[in-house]
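The exercises below are meant to be worked through with the sequence and the model side by side. Please attempt each task before reading its solution.

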Amino acid sequence: MQKQPLVTDFAEVTATAPITRSVHGWRAKCLQRLVRLDMPVPRTVALSAQAVRAIAAGQLPDSTAILAHFGALPLVSVRPSPEEPEWGGPGTILNIGLNDRVHAALIATQGEAAATALYLRFVQTYATHVARLDAEIFVGATASPEALRDALRAYEQEMDEPFPQDPMRQLTEVLRSMARAWEGTSARILRQVKGAPPEAGLGLVVQEMALGMGPGVSGSGVIQFVDPVTGQAQVTGRYLGQSQGRDALSGRGALYLTRDPRGPSLEEEAPEIFADLLRFGASARARLREEMQIEFTIESGALHVLDAVKVARSSRAGVRIAVALAEDDVITPEEALLRVEPRALSELLHRQVDPRAPRDRFAKGIAASPGGAQGRIVFSSAAAQASAARGEPCILVRRETAPEDIRGMHASAAVLTERGGVTSHAAVIARGLGLPCVVGASDLSVNARDKTLKAADGRMFHEGDVITVDGTRGEALAGEAEMLEPALDDTFRTLLHWADAVRDIGIRANADTPGDAATARMFEAEGIGLCRTEHMFFDDDRLTVMREMIFADTAKDRAAALDRLLPMQRADFVKLFEIMAGNPVCIRLFDPPLHEFLPHSRDGMRELAEALDKPLSEVTRRVEALSEFNPMLGMRGVRLGITLPEIYEMQARAIFEATVEVGRKGATVVPEIMIPLVSAKREVELVKARVDAVAAQVRTRMGADFDYRLGVMVETPRAALLAGEIAQHAAFLSFGTNDLTQMTYGLSRDDAGRFMNTYVQQGVFPEDPFHILDVDGVGELLLIGAERGRATRADLTLSICGEHGGNPESIAFCRKAGFDYVSCSPFRVPVARLAAAHLALAECASSRKSNLKTNA
């Protein structure tokens, strides 16, 4: 049988060696860059991914040739080098080449204690990670000659052979073990979860050991130059004398790096070495164009740089680092934008649970709205409002929320529900309000009657107990966790202003109240793309009048009740227009079914009967008469406006009177009025006629002229298909993708969470269509509606205003389809601004590449 050739695809890492990231991995390339920066990097040999794959398949490496680079008594380490650091890899193995002979030589130079500790460590590592022996046999012994003898004896007993003394064999077995570990099923699955392609390869680097143990100043450590949580410039890390690798991070006996009143530091013990590390850090930042963490070893006073990796960082640190690098002209502003993931901005907008602090988790659910908040548990909206009145922060805990819980959510610091998904009522409203929210915590048992909350581990929480909700991670924690404040500083604003300079699609906000509008302006939204007026009616004083209108028997009585609501609505619109300061405001006319404003419990109906001075039986009959088998497909939206036209007339009058009032103060306001749930052209004609008539009345009565735009919210498949007809009477079409998705799929978003995970896992749907826009189905309706609408009216404004509006994937779809803007909840505006910039920059880069190919 012919002997297989040895694997010889390796190269010494020098300044001019042909080392590439795609062939040898990120670590080999990084080490070459450090060599080029004249850092004291120990001699290193890099094996290509192809070589490692061959070793995994059974070919032997030419270990003799590799070790020839390291002298007569080679002592080396092997580290993984995949193409991307996030893909991980097998653990580093140190001190390869240590045997009885080298041990004796090290005793003479490093001392017996250091030499024995090094040899014992290697035997333990080799036995457990290469020979795959039981770790309990080898781990835990304190370094001593006896412990070393015991470890060597245990190895021989387990393997039926002495511990290998040949450095070539040791290296061969280490390389083979690491190569096969990379090709294993578990490792493959883990790296694919982290974004690695199935065929991703692994490079390996063999590096001369810097021992870190022996006479004089000897040890190992890591140093970085920014805080990993905040991104502020700060020297952090640890140094541990008489140690190797990343032992210093264990904390036991480690020195601080800079002078510190809490204990001794490397700066005091070895000032010249510390100064060199500062110099190397500055050089790496400037030349590698990144904040790096440097791993170093000191051997008898000589500094060795073993490795450098990108500093692990929180989202808020990532923003600060990217902006600082651009402001220092290390990278361009455009590159700074691309270094920050849009969704990562959510972490900066809210208070967050400090990732460095201990966590006592009692529930896990869906991270529906980011941020962290602490407060006392309450189980009802009334209790939440009472808590807010006392100035006590509270957490609203419900099995699931309903529209009547909106006031309680407004009063709460966070929301936790047992049921629901990312587009459930609680999730949608919480994102709009900027409240931390965890939904679908199905392991919880909420008992609103007994006011108790039972966790999966048996712990029982009662109303008034303090908990913390982490909406970023989807967790509920017992007690008060340590928090980080929002990071809405100059760095944050600078990044987003750079984004605004390159993006090419408008970003508006969904804002239902003056408070929402103020948040939208704070995040520099370009207007309001959806103002849901019904949310203005849930305040106590308005809810009573609203219920009087619902119980009115005649149009005259309804108009009388609405006349009392008119000044309230007008005042809301005045505030909105003033806050938005001339930016467009799109106001959706009343949409929900009337039953949402009525109580459903007997106690609630009794209270309503008392408030209206009507018999309980009459209230009960009216509530039952208004109930529908499927209210979301019943009398709501434009159907309500046509059946009870007084409602839309009141709202139109309030809008126009507010327009005149604000206009007289010097501001230019052109309100946009949007008709919801349209499915026929005639519906638009009827509502438009009434709105035009109200506009004429207000112009005449107030002696003022004004402009306005009337448009349609496209939420039904029929409206999308007939967009060409509807556009004859509409200045704009705004696609409400929440309801459009429900009606396209025939699926309630509030109930979808019960089976959606199963559907996604089994490949029925690629993603939850309420979370990620379904471009094949719902997206096709958007394209049809856009094309047919603009075929009728070339200047038709197109947008989406559903929950999808803030998703980068949806923004990409809308840009490609030629939409004018997207509208999302106020706290998603920064995410959308950055996502739009990413897309514009990616398109520019693609265009440049295409031009280069054409010119070539």
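**Exercise 1.** Determine whether Gln-242 is buried, partly exposed or exposed, and then describe its backbone and its place in the chain.

Solution. Gln-242 has a relative accessibility of 37%, so it counts as partly exposed, a class that lies between buried (under 20% relative accessible area) and exposed (over 50%), with a 1.4 Å probe and protein chains only. Turning to the backbone, the phi of Gln-242 is near 55 degrees, which is a positive value in a residue other than glycine. Gln-242 sits in the loop between S7 and helix H11 (266–269), where helices (H or I, at least four residues) and strands (E, at least two) are DSSP runs numbered from the N terminus. The model is a predicted one, in which local features need pLDDT of at least 70 and side-chain atom pairs count only at pLDDT 80 or more, whereas totals for chains, interfaces and linings use all residues. Residues are numbered from 1 along each chain as its sequence is written, and side-chain values use heavy atoms, with hydrogens and water left out.

**Exercise 2.** Carry out the analysis of Exercise 1 for Arg-289.

Solution. Arg-289 counts as partly exposed because its relative accessibility is 31%. The phi of Arg-289 is near 60 degrees, again a positive value in a residue other than glycine, and Arg-289 belongs to the loop between helix H12 (271–288) and strand S8 (292–299).

**Exercise 3.** Describe how strands S6 and S7 are joined, and find the glycine with a positive phi in their hairpin.

Solution. Strand S6 (residues 219–226) and strand S7 (residues 233–241) run antiparallel and are joined by seven bridges; two strands pair if DSSP finds at least two bridges between them. Within this pairing, Ser-220 stands opposite Leu-240 in S7. Six residues lie between the strands of the hairpin, and there Gly-231 takes a positive phi near 85 degrees.

**Exercise 4.** Work out the strand order of the sheet that contains S18, and explain which strands are at its edges.

Solution. The sheet is open and has three strands, in the order S17-S18-S19, with antiparallel pairing. Strands S17 (445–447) and S19 (460–462) each have a single partner strand, and therefore one side of each is left without a neighbour in the sheet. S17 is joined to strand S18 (residues 452–454) by three bridges, and Asn-447 stands opposite Thr-452 in S18.
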